[in-house]
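Q: Please take me through one part of this protein slowly, as you would for a colleague at the bench. I would like to know how it sits among its neighbours.

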Amino acid sequence: MASDHMMRASDLDRDAVVATLRDAYTAGRLTLEEFDERMTAAYASRTWGELRKLTEDLPAQPVLGSDVPGRHLPAPILPTHPPRANGSPPPPPARHRRRPVALFPLVALWVLLALATRTTHEVVGPTLILVMALFFVSLARRR
């Protein structure tokens, strides 16, 4: 592979360097004049070597070549949870679980009312209204 001083920079590389410079300026590591100088130089840079020179004294380094196909970039650092006092790993993150709507009591109530009145047409209307009301209440609880 060619050295950094020979590898041509892309617009994405220049943007990555400018983002790193912007972060350094916001953190107080660069003055406004330094930021302006380096940003102008970044947009005028032609190679990775020129871009790396602009950030070599900063703690964070931009990732160059993210648009190059087949290039293996470092894996992102994922946040880790501190281990427990007993050394066991932390529990998996809690997932939101839906509570199932208890339909059995509604069906049982419908059957009892149907048996008590010996007709179903008098029970169907109020049961549907009750089921719809419970459905909307369960939707409101999820939000």
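A: Here is a close look at helix H2 and the helices that cover its buried residues.

A word on the basis: this is a predicted model, with local features needing pLDDT of at least 70 and side-chain atom pairs pLDDT 80 or more, while totals for chains, interfaces and linings use all residues. Residues are numbered from 1 along each chain as its sequence is written, and side-chain values use heavy atoms, leaving out hydrogens and water.

Let's set the scene. The protein has 5 helices and 0 strands (DSSP runs numbered from the N terminus: H or I of at least four residues for helices, E of at least two for strands). Of its 143 residues, 20% count as buried (under 20% relative accessible area; exposed is over 50%, partly exposed in between, with a 1.4 Å probe and protein chains only).

Now to H2 itself, which covers residues 32-44 and has 13 residues. From first C-alpha to last, H2 reaches 18 Å, close to the 18 Å expected at 1.5 Å a residue (1.5 Å times one less than the number of residues). Phe35, Arg38 and Ala42 are the buried residues of H2. Viewed down the helix axis, these buried residues fall within an arc of 75 degrees, so they line one face of H2 (the arc takes directions from the axis to the C-beta atoms). On the face turned away from that buried side you will find the exposed residues Glu33, Glu37 and Ala44.

What lies over the buried face? Helix H1 (11-26) and helix H3 (48-55) are included in the cover, so let's visit each pairing.

The axes of H1 and H2 come within 9 Å and cross at roughly 175 degrees (axes are lines fitted to C-alpha atoms, for helices over the stretch in contact, with angles from 0 to 180 degrees between N-to-C directions). That makes H1 roughly antiparallel to H2 (over 145 degrees; under 35 is roughly parallel, 65 to 115 roughly perpendicular, the rest oblique). From H1, Arg14, Asp15, Val17, Val18, Leu21, Arg22 and Tyr25 are in contact (heavy atoms within 4.5 Å) with Leu32, Phe35, Arg38, Met39, Ala42 and Tyr43 of H2. Sorted by class, this contact has 9 nonpolar, no polar and 4 charged residues (nonpolar: Ala, Val, Leu, Ile, Met, Phe, Trp, Tyr, Cys and Pro; charged: Asp, Glu, Lys and Arg; polar: the others, Gly among them).

On to H3: its axis and that of H2 come within 9 Å and cross at roughly 170 degrees. H2 is therefore roughly antiparallel to H3. Here Arg38, Ala41, Ala42 and Ala44 of H2 meet Glu50, Leu51 and Leu54 of H3, a contact of 5 nonpolar, no polar and 2 charged residues.

The two covering helices also pack on each other, H1 and H3 lying at about 5 degrees with their axes 10 Å apart. They are therefore roughly parallel. Asp13, Arg14, Val17, Thr20 and Leu21 of H1 make this contact with Trp48, Leu51, Leu54 and Thr55 of H3, which divides into 5 nonpolar, 2 polar and 2 charged residues.

One last stop is Thr55, in H3. At 0% relative accessibility, Thr55 counts as buried. Leaving aside residues up to four places away in sequence, Thr55 touches Val17, Thr20, Leu21, Ala60, Gln61 and Pro62.
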